[in-house]
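Work through the exercises below with the sequence and the coordinates open. Try each task before reading its solution.

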Amino acid sequence: MTSHSRGRALAPLLSLQARSLLYGLGVRRGRGRARLFGAAALVALLAAVAVGYLWALGSGMVAAGAAGAIPALAALAGSLAAVALVFVKAPGTVFGCRDYDLVAALPVRVRTVVLARTAPLYGFGVALSALLSAPLYAAYFTSAPASPAAVATAAAVSVLAPLAPAAVATLVSLALTSVAVRFRHAGAVQLVLSVLVVTGVVVGSLALGGASLGADDAAALAAMGGVAGALSAAAASAYPPAAWAASAVCEGSAAGFAAFAALSLALPALVTGALAACYPHANAVATSGPHRRAHAAAASRSAASPLRALAVKELRRIGSMPFYAMNSCAGLILMVVAAGAVALFGTDALLASGVINGVQLDARAVAALRVQVDAALPWVFGFCGAMSLTAAPSVSLEARASWLMLTAPVGAETVLGSKLLANLVLGGAAVAVSVVALLAGGTGPLLVLQCVVATVGMLTGFAALALAIDASRPNLSWTTPAEVVKCGLPMMVGALGGALASLGLGLLSTMAAGSLGPAASAAVNLAAPAACALAGLAALRAVARRGLPGPGWGE
């Protein structure tokens, strides 16, 4: 095959992979202009927030006298963004491909296929690196000479920075995927690690926020910049290519830039060649299932009820899909973290520190707000519960296996009830941990009871409502779980409705406490969640009475 024919074969494959990657990120045709504009606005908002934060971080480093560490931090930021993208998208895009039999039948070389599958990841990594590096370099050049050579070097470093880390991340992701597919409980382990990471990020953010509230804005910015400068210097010493990039930008070192460019271009080429040489074997290893030992089927003394068996099936699916679990159970994690914070520090200390609302209060002001705080606290937990809806997309997630659900020898009440029961089991576990933490921290039993009722009531009501919507209008033709887990109508209605209801009822309870006293707020906190739960269950029962439709349902 000539180089011209290889180029002609590469172009359509590159276009296909780029569109597939965009499709997996939620950008697709036929969704209507309103949705496209909404998605574009959301992406622009997130990009603006990231740019603003990094600009503030760079300005803080300049104020702290650590401007020389900014180029290394910019290279590290671009590298980490590309690594995160590769770990998320490489499985199923570069390896572990379900369409490998079709790809293998194409009249193109394996190297061309591998290049077409890896190049979009590198391209998106470069785009992320440029987005994250630009505000840092803008802050850097406010204190350093912005010569044309320095600006051009900074731009080149931003483009080259993610290439080598993305190449290494591809191999590491392949190795981890090859091990994970042979481990029966890999999804559960990944879920536990993700929970620990999210909890650490939340706790760290609260700690940093509380530590910086005692200073004015300028001092806090300088302190943040000093910490970032120290971390950047430490990371540069551990990752020599970042130091090479910094020397090329700050000192104009030609040797540093040459070494950085050579490494950034050589590693992707070597990884692409290595993958091309063993691509069939790598893809086979990444798609192989766990080795299961044959065990004799032990007859149980008492058969499990259909409701329990189906609920266990739902829990296993949640545990095997970390993406689904993290998106649907993030509120439960935040609830446990909130209960731990209240137990460790107390609501008075949290209010006085300013961590909650950013305003420091003295002891007299905190005491004056005690009744309103006790009235609003249960709705913090109710808000977290209403955001944790694993049942919302559970019918749509049946997808190709929906015929099993439709032909199961049980009623619709049992099928839908098992999905709601699994959601309540997870919520109940988080509620139990939160209750223990609150009681251990000295929170009053009546207030703890209100927190439990608010959480369980809001979780039950809006999970049942979202499940009723999903059972009425399922999306069984999705191509990626993100379509129904993050963008589905049931999840949006349930989560947004639960958030708005929690905020509104929390405001109502606070007003009742201020005008009528604590007894009125307690009545609101106990009656309103129960009403939400009954309304949601009534909607689900109405759908269950109609029964599940026949073949072709949801298509």
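The exercises go from the whole chain to helix pairs and then to single residues. The model is a predicted one.

**Exercise 1. The whole chain**

Task: State how many helices and strands the protein chain has, what share of it is buried, and what share of its contacts is long-range in sequence.

Solution:
- Step 1. Count the elements. The protein chain has 22 helices and 0 strands.
- Step 2. Take the burial. Of its 555 residues, 41% count as buried.
- Step 3. Take the contacts with a separation of 6 or more. Residues 24 or more positions apart account for 85% of them.

**Exercise 2. Helices α13 and α18**

Task: Classify the packing of α13 against α18 and describe the contact.

Solution:
- Step 1. Locate the pair. Helix α13 spans residues 306–320 and helix α18 spans residues 412–440.
- Step 2. Read the geometry. The axes lie 8 Å apart, at an angle of about 55 degrees.
- Step 3. Classify. Angles of 65 to 115 degrees would be roughly perpendicular, and those under 35 roughly parallel. The angle of about 55 degrees therefore makes α13 oblique to α18.
- Step 4. Add the hand. The crossing of α13 and α18 is right-handed.
- Step 5. List the residues. On the α13 side, they include Pro 306, Leu 310, Lys 313, Glu 314 and Arg 317. On the α18 side, they include Thr 414, Gly 417, Lys 419, Leu 421 and Val 425.
- Step 6. Sort by class. The contact of α13 with α18 has 11 nonpolar, 3 polar and 4 charged residues.

**Exercise 3. Helices α19 and α21**

Task: Do the same for α19 and α21.

Solution:
- Step 1. Locate the pair. Helix α19 covers residues 445–472, and helix α21 covers residues 489–516.
- Step 2. Read the geometry. Their axes come within 8 Å and cross at roughly 155 degrees.
- Step 3. Classify. The cut-off for roughly antiparallel is over 145 degrees. So α19 is roughly antiparallel to α21.
- Step 4. Add the hand. The crossing of α19 and α21 is right-handed.
- Step 5. List the residues. From α19 come Met 458, Phe 462, Ala 466, Ile 469 and Asp 470. The α21 partners include Gly 494, Gly 497 and Gly 498.
- Step 6. Sort by class. The contact of α19 with α21 divides into 8 nonpolar, 4 polar and 1 charged.

**Exercise 4. Helices α3 and α10, and the residue before α10**

Task: Describe the packing of α3 against α10, then place Tyr 239.

Solution:
- Step 1. Read the geometry. Helix α3 (residues 70–89) and α10 pack with axes 8 Å apart, at about 130 degrees. That makes α3 oblique to α10.
- Step 2. Add the hand. α3 passes α10 in a right-handed crossing.
- Step 3. List the residues. Pro 71, Ala 72, Ala 75 and Leu 76 of α3 meet Ala 242, Ala 245, Ala 246, Val 249 and Cys 250 of α10.
- Step 4. Sort by class. The contact of α3 with α10 has 9 nonpolar residues, no polar and no charged ones.
- Step 5. Place Tyr 239. Tyr 239 sits in the loop between α9 (217–238) and α10 (240–250). Its relative accessible area is 24%, so Tyr 239 is partly exposed.
- Step 6. Find its partners. Beyond four places in sequence, Tyr 239 touches Leu 76, Ser 79 and Pro 165. The C-alpha atoms of Tyr 239 and Ala 72 are 9.4 Å apart, across 167 residues of chain.

**Exercise 5. Two asparagines and an alanine**

Task: Are Asn 423 and Asn 525 buried or exposed? Find a polar partner for each, then add Ala 375.

Solution:
- Step 1. Take Asn 423, in helix α18. Its relative accessible area is 0%, so Asn 423 is buried.
- Step 2. Find its polar partner. A polar atom of the Asn 423 side chain lies 3.2 Å from the backbone oxygen of Ser 388. Other residues touching Asn 423 include Leu 389, Thr 390 and Leu 459.
- Step 3. Take Asn 525, in helix α22 (residues 518–546). Asn 525 counts as buried, at 0% relative accessibility.
- Step 4. Find its polar partner. The side chains of Asn 525 and Gln 450 make a polar contact at 2.7 Å.
- Step 5. Add Ala 375, in helix α16 (residues 370–386). At 1% relative accessibility, Ala 375 is buried. Ala 375 touches Asn 525, and its partners also include Ser 509 and Ser 521. Ser 509 is in contact with Asn 525 as well.

Notes:
Residues are numbered from 1 along each chain as its sequence is written. This is a predicted model: local features need pLDDT of at least 70, side-chain atom pairs count only at pLDDT 80 or more; totals for chains, interfaces and linings use all residues. Side-chain values use heavy atoms; hydrogens and water are left out. Axes are lines fitted to C-alpha atoms, for helices over the stretch in contact, and angles run from 0 to 180 degrees between N-to-C directions. Helices (H or I, at least four residues) and strands (E, at least two) are DSSP runs, numbered from the N terminus. A crossing is left-handed if the near helix is turned anticlockwise from the far one by less than a right angle, and right-handed if clockwise. Contact means heavy atoms within 4.5 Å. Ala, Val, Leu, Ile, Met, Phe, Trp, Tyr, Cys and Pro count as nonpolar, Asp, Glu, Lys and Arg as charged, and the others, Gly among them, as polar. Buried means under 20% relative accessible area, exposed over 50%, partly exposed in between (1.4 Å probe, protein chains only). A polar contact is a pair of N or O atoms within 3.5 Å; within protein, one must be able to donate a hydrogen and the other to accept it, and residues adjacent in sequence count only if both atoms are side-chain atoms.
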